[in-house]
Each structure stands twice: as C-alpha cells, then as structure tokens.
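User: I would like a close look at one part of this model, with the surroundings described as far as they help to place it.

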Amino acid sequence: MKLGHIAGCAAILVSLAGCGGREGGGWDEGDVAAAEQEIESTNGFEIVNGLNSGNGLNSGNGLNSGNGLNSGNGLNSGNGLNSGNGLNSGNGLNSGNGLMASAEGRKTVEYIVKCALPAGRSITKHDETLTAHTYSGLLGVAPEWETGACDEDCQERMTACLGAHLNTTGEHISIFLVGNEAAFPSIGPDTSATYPTQEGAFFGNIFKSPPAFFYCNSDGALTSPVPGRIGSSGEKQYNNPFSGDGSCADNCVAFDEPYASAGWASCGGFDNVLTVYRQ
C-alpha cells in the first residue's frame with residue numbers, strides 16, 4: 001500500500017539538471033555532456049518571487065504557488081493541465097489560459113515538457129495574446145504524455161523528476177540522475193565517476209489531490225547537505241516519510257544486479273524512483 005499524502009506540502013519549485021544517457025547498449029557519460037551543452041543554451045529563467053530554482057546544468061525553471069500548483073490541488077487542478085490527455089492537445093495543456101497565461105506558468109510548461117519528452121520532440125502552445133511558444137523535450141521520462149494520457153506510472157515518473165531538481169535557495173549545482181532501466185530507459189541505472197556522492201532519492205505522485213511528494217536520504221544528504229536541497233535546514237516542498245534518519249538504504253529496494261549499488265528501484269510502495277548524485 002502506498003504511503004499517504006503529505007499534509008501541508010508547500011509550493012513546488014523545480015529546475016532542470018543532469019541525466020544519464022544510453023549509447024550502444026551501455027550507459028555513456030558522454031551523453032551527459034551533450035545534455036549539458038543543450039541545457040546551457042536555455043539558461044537564465046527566474047521565478048517572480050526571487051527564488052531562481054536552478055539546480056544543475058545552469059538551467060532555472062520553476063513551479064510555484066502562483067501557478068496554483070500547491071499541495072491542496074496537485075498538478076491536475078485549475079491550471080490548464082490535464083494528465084488524462086496528451087500535452088500536445090488542447091485538452092491536455094490549454095493554450096491561452098491556465099499555465100500558458102502567465103510568464104511563470106510558461107516557465108512551468110517549459111520544464112514539464114523538457115522533463116517529459118525526449119530530445120528532438122517539442123510542442124507549441126499559445127499564450128493569452130495568441131503568441132506561439134515552442135517547448136522542447138530532453139529527459140524523456142514520460143514520452144507517452146506527448147499525445148496520450150499520463151497514467152499513474154507516468155505521473156510517478158514525472159514526480160520523481162520534478163523532486164530531483166528542486167532547490168529552494170537559488171544555488172546552482174550539478175546533479176546526475178540514476179533510474180531503474182525498466183521505469184526510466186532514457187536515464188538508466190549506471191553511475192558516473194564525475195558525480196560520486198549519492199544524495200538521496202525522490203518518489204511520489206504530485207498529480208493527484210492531495211499530492212504525495214517524498215524523498216529519502218543517502219549519505220550525501222546527511223554528511224554534506226547543499227542549501228535548498230534535502231538534508232539542509234529550512235522549509236522543504238517534500239517530506240521524508242521514514243523514521244529515524246530516513247535513509248534510502250534502510251527503507252528502499254535496490255536495483256537488480258549488476259546495478260544494485262547504484263540506486264533504488266522502489267521506496268514506500270512507489271516503483272518509479274530517481275536516485276540523485278552530486279559532485
């Protein structure tokens with residue numbers, strides 16, 4: 001049975017950061033460098049409340065309470081976004097209203113598309129003035145959402161992706177994402193020598209009402225926390241649902257071999273988990 005929702009979860013602030021990549025049947029760190037170069041070309045977005053939620057690869061996109069994306073509603077409520085339909089349809093992501101009707105909402109859309117769709121895919125939507133905006137995919141954690149519904153598994157993958165990129169202070173850091181190959185084939189289970197510190201893992205479902213937004217700690221969060229990230233002081237937008245030090249090692253199921261030490265396949269009953277590494 002899945003863990004219950006988070007009471008009083010604050011607004012969600014996210015930004016885009018590094019990911020693993022697949023090449024020739026293996027996991028090649030070179031793909032990460034290519035992703036970094038592509039993301040750097042879109043750097044410099046900020047949130048109106050002054051929290052530049054940049055977290056990796058010098059990109060700053062955000063979801064904030066001004067868009068109505070709070071714990072009482074979830075991502076499916078009152079903002080022109082509907083996981084029951086494809087992002088590239090009028091019923092999945094509205095043009096002219098909801099998220100597309102404000103600069104902050106459009107930043108949110110840009111991040112959601114980059115997280116959901118793979119590189120080479122894009123969608124175009126219009127704002128309230130009928131100006132067209134094109135948003136490009138990159139991470140590809142929910143490619144089916146481009147034209148079809150984002151079901152519960154899809155919502156959980158998106159939640160893990162959003163949580164992994166959250167930073168409440170504006171400090172920019174690079175991160176490396178690791179995912180179970182079955183759930184996250186575009187990211188993959190291998191680690192990178194450039195990112196040796198496992199920070200923690202993220203999971204839940206922030207699309208349902210009320211949403212569930214969770215994390216667990218690895219050694220990096222407990223011994224060398226980064227301001228605005230898990231393990232640091234201050235208000236968080238997610239919650240560690242486990243007792244004690246809330247460690248992933250004590251509460252999650254590891255990947256299958258040969259990647260058992262790389263990350264976590266399930267936590268708290270959720271099977272779509274992203275493990276995050278830092279430099």
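Are glutamate 199 and arginine 278 buried or exposed? Please place the pair in the fold and go on from there.

Analyst: Glutamate 199 and arginine 278 are both buried. The model is a predicted one, and the description below starts from this pair and works outwards.

The side chains of glutamate 199 and arginine 278 form a salt bridge, with 2.9 Å between the closest N and O atoms. Glutamate 199 belongs to strand β6 (residues 197–205) and arginine 278 to strand β10 (residues 274–278), so the bridge links distant parts of the chain, 79 residues apart. Arg229 is also involved: Glu199, Arg229 and Arg278 are linked in a network of salt bridges. In general, side chains of opposite charge can pair when their charged atoms come close.

The two strands that hold the pair are part of an open sheet of 4 strands, in the order β5-β10-β6-β7 and with antiparallel pairing. β5 and β7 are the edge strands, each pairing on one side only. From one strand to the next, the twist averages 25°. On the β7 side, β6 is joined to β7 by 6 bridges, and these two strands run antiparallel. One position in that pairing is asparagine 205, whose bridge partner in β7 is alanine 212. In a regular strand, side chains alternate between the two faces of the sheet.

Helix α3 lies across β5, β6, β7 and β10, and runs at about 140° to β6. The helix also meets α2: the axes of α2 and α3 come within 10 Å and cross at roughly 115°. Tyr111, Ile112, Cys115 and Ala116 of α2 make this contact with Met158, Cys161 and Leu162 of α3. The crossing of α2 past α3 is right-handed.

Nonpolar residues from these elements come together in a core. The largest nonpolar core has 44 residues, and Leu81, Leu87, Val141, Trp145 and Met158 have the most contacts inside it. The elements giving two or more residues to this core are α2, α3, β5 (175–179), β7 (212–217) and β10. Another core, of 12 residues, lies apart from it and includes Ala201, Phe214, Phe242 and Cys252. Nonpolar side chains in soluble globular proteins tend to be buried together. Methionine 158 shows how the larger core draws on several places in the chain: leaving aside neighbours within four places in sequence, methionine 158 is in contact with Ile112, Cys115, Ala116, Val141, Ala142, Trp145 and Phe207.

Two other salt bridges serve for comparison with the starting pair. Arginine 121 and glutamate 146 meet through their side chains at 2.8 Å, N to O. Arginine 121 sits in the loop between α2 and β3, and glutamate 146 in the loop between β4 and α3 (152–164), so this pair ties together parts that are 25 residues apart in sequence. Arginine 121 counts as partly exposed because its relative accessibility is 42%, whereas glutamate 146 is buried, at a relative accessible area of 9%. Arginine 106 and glutamate 128 form a salt bridge at 3.4 Å, N to O. Arginine 106 is in helix α2 (residues 103–116) and glutamate 128 is in the loop between β3 (122–126) and β4 (132–136), so the parts tied together are 22 residues apart in sequence. Arginine 106 counts as buried because its relative accessibility is 15%, below the 20% limit for burial. Glutamate 128, at 44% relative accessibility, counts as partly exposed. The structure holds 5 salt bridges.

The loop that holds glutamate 128 is also the turn of a hairpin. β3 and β4 form this hairpin with 5 residues between them, and leucine 130 in the turn has a positive phi of about 70°. The two strands pair in the antiparallel sense over 5 bridges, and lysine 125 stands opposite histidine 133 in β4. Leucine 138 follows in the loop between β4 and α3. With a relative accessible area of 13%, leucine 138 is buried. Leucine 138 and tyrosine 111 are 27 residues apart in sequence, and their C-alpha atoms are 9.7 Å apart in space.

For the protein as a whole, there are 5 helices and 10 strands. Of its 279 residues, 54% count as buried. Among contacts with a separation of 6 or more, 66% are between residues 24 or more positions apart.

Note on methods: Residues are numbered from 1 along each chain as its sequence is written. This is a predicted model: local features need pLDDT of at least 70, side-chain atom pairs count only at pLDDT 80 or more; totals for chains, interfaces and linings use all residues. Side-chain values use heavy atoms; hydrogens and water are left out. A salt bridge is a side-chain nitrogen of Lys or Arg within 4 Å of a carboxyl oxygen of Asp or Glu. Buried means under 20% relative accessible area, exposed over 50%, partly exposed in between (1.4 Å probe, protein chains only). Two strands pair if DSSP finds at least two bridges between them. A nonpolar core is a set of buried Ala, Val, Leu, Ile, Met, Phe, Trp, Tyr and Cys residues joined through side-chain atoms within 4.5 Å. Contact means heavy atoms within 4.5 Å. Axes are lines fitted to C-alpha atoms, for helices over the stretch in contact, and angles run from 0 to 180 degrees between N-to-C directions. A crossing is left-handed if the near helix is turned anticlockwise from the far one by less than a right angle, and right-handed if clockwise.
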